[in-house]
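The questions below ask how the labels given to a protein model are justified. Each answer sets a value against the rule behind it.

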Amino acid sequence: MIKRFGPNGEVYSTVIEFGRTIYVDQPPLEIIKKSMLKFGQEFNGAMKAARMLLEIKQTPPLQISGYHKLYWIATEKYTNDGCVFIAMHQIANVERCAGRRKTIVQFKNGHELEVGISLLHLKRKIESAKELQSQVEGCLNEEKHPIKYSGVSIVREEARSIYCIIEKPKFQDIEK
């Protein structure tokens with residue numbers, strides 16, 4: 001999703017999908033926020049959760065829907081005019097573009113998009129999104145992916161269909 005401006009300064013989005021381009025009369029961030037609400041997520045809460053799980057302060061990737069495995073990457077701060085939102089699951093390849101801070105994103109549908117971010121920085125953002133997905137899915141199955149943060153969580157015990165409270169040791173990284 002790319003933020004665009006009309007001739008009178010109105011903001012709209014260019015959304016590139018399989019085989020078509022759609023123009024939406026809403027800014028990309030508004031589409032992201034409304035989509036998150038549709039799937040039971042809240043933008044500020046999702047940002048806070050991603051920052052906690054990834055232990056980062058900069059712009060985190062966003063989980064739009066864990067159930068649908070929709071994780072999106074912002075090329076820069078969400079509110080910047082040049083910010084492009086990219087669906088992680090649609091990226092086929094990324095490669096350096098002529099120019100210092102430019103990268104070509106190749107999508108699974110064959111479309112290519114030049115974005116104003118260095119190849120290294122974009123690769124880091126993709127890895128962060130993959131790590132977020134791993135962390136979120138790991139919370140569903142602690143045996144395979146132990147939760148890295150400390151504190152108290154509510155979990156469901158599948159065998160008995162009940163809920164219980166678990167407490168992780170503080171300041172200890174749990175590894176198996």
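Q: Which strands and which helix each supply at least two residues of the lining of the largest pocket?
A: This is a predicted model, in which local features need pLDDT of at least 70 and side-chain atom pairs count only at pLDDT 80 or more, while totals for chains, interfaces and linings use all residues. Residues are numbered from 1 along each chain as its sequence is written, and side-chain values use heavy atoms, with hydrogens and water left out. The elements that each supply at least two lining residues are strand 2 (11–17), strand 3 (20–24), helix 1, strand 5 (70–74) and strand 6 (85–87). Helices (H or I, at least four residues) and strands (E, at least two) are DSSP runs, numbered from the N terminus.

Q: What makes a space a pocket, and what volume does the largest pocket have?
A: On a 1 Å grid over the protein atoms alone, a pocket is an open set of points with protein on both sides within 12 Å along at least five of seven lines, whereas a cavity is a set where a 1.4 Å probe fits but cannot get out. Grid points are joined across faces, edges and corners, and a volume is the space filled by probe spheres set on the points. By that reckoning the largest pocket has a volume of about 610 Å³.

Q: What is the make-up of the lining of the largest pocket?
A: A lining residue has an atom within 4 Å of a point. The largest pocket has 26 such residues, and V15, I16, E17, W72 and A87 lie nearest its centre. The lining divides into 19 nonpolar, 5 polar and 2 charged residues. Here Ala, Val, Leu, Ile, Met, Phe, Trp, Tyr, Cys and Pro count as nonpolar, Asp, Glu, Lys and Arg as charged, and the others, Gly among them, as polar.

Q: How do you know that strand 2 and strand 3 pair?
A: Two strands pair if DSSP finds at least two bridges between them. Strand 2 and strand 3 are joined by 5 bridges and run antiparallel, so the pairing rule is met. I16 stands opposite T21 in strand 3. The two strands form a hairpin with 2 residues between them, and G19 in the turn has a positive phi of about 75°.

Q: Why is the contact between R20 and E17 called a salt bridge?
A: A salt bridge is a side-chain nitrogen of Lys or Arg within 4 Å of a carboxyl oxygen of Asp or Glu. The N to O distance between the side chains of R20 and E17 is 2.8 Å, so the pair qualifies. By this rule the count comes to 6 salt bridges.

Q: Is R20 buried or exposed, or does it lie in between?
A: Buried means under 20% relative accessible area, exposed over 50%, and partly exposed in between (1.4 Å probe, protein chains only). R20 has 49% and therefore counts as partly exposed. E17, at 31%, is partly exposed too.

Q: How do E30 and K34 sit relative to one another in helix 1?
A: They are 4 residues apart in helix 1 (residues 28–38), and so are separated by about one helical turn. Their closest N and O atoms are 3.2 Å apart, which makes a salt bridge. E30 is partly exposed at 32%, and K34 is partly exposed at 46%.

Q: Which parts does the salt bridge between E114 and K102 tie together?
A: The closest N and O atoms of E114 and K102 are 3.4 Å apart. E114 lies in strand 9 (residues 112–115) and K102 in the loop between strand 7 (91–96) and strand 8 (103–107), so the pair ties together parts that are 12 residues apart in sequence. E114 is partly exposed at 43%, as is K102 at 36%.

Q: What is the order of the open sheet that holds strand 8, and which are its edge strands?
A: The order is 7-8-9, with antiparallel pairing. Strand 7 and strand 9 are the edge strands, since each pairs on one side only. Strand 8 and strand 9 are joined by 4 bridges, and T103 has V115 in strand 9 as its bridge partner.

Q: Why is F85 called buried?
A: F85 has a relative accessible area of 4% and is therefore buried. The residue lies in strand 6, and its C-alpha atom is 6.4 Å from that of W72, 13 residues apart along the chain.
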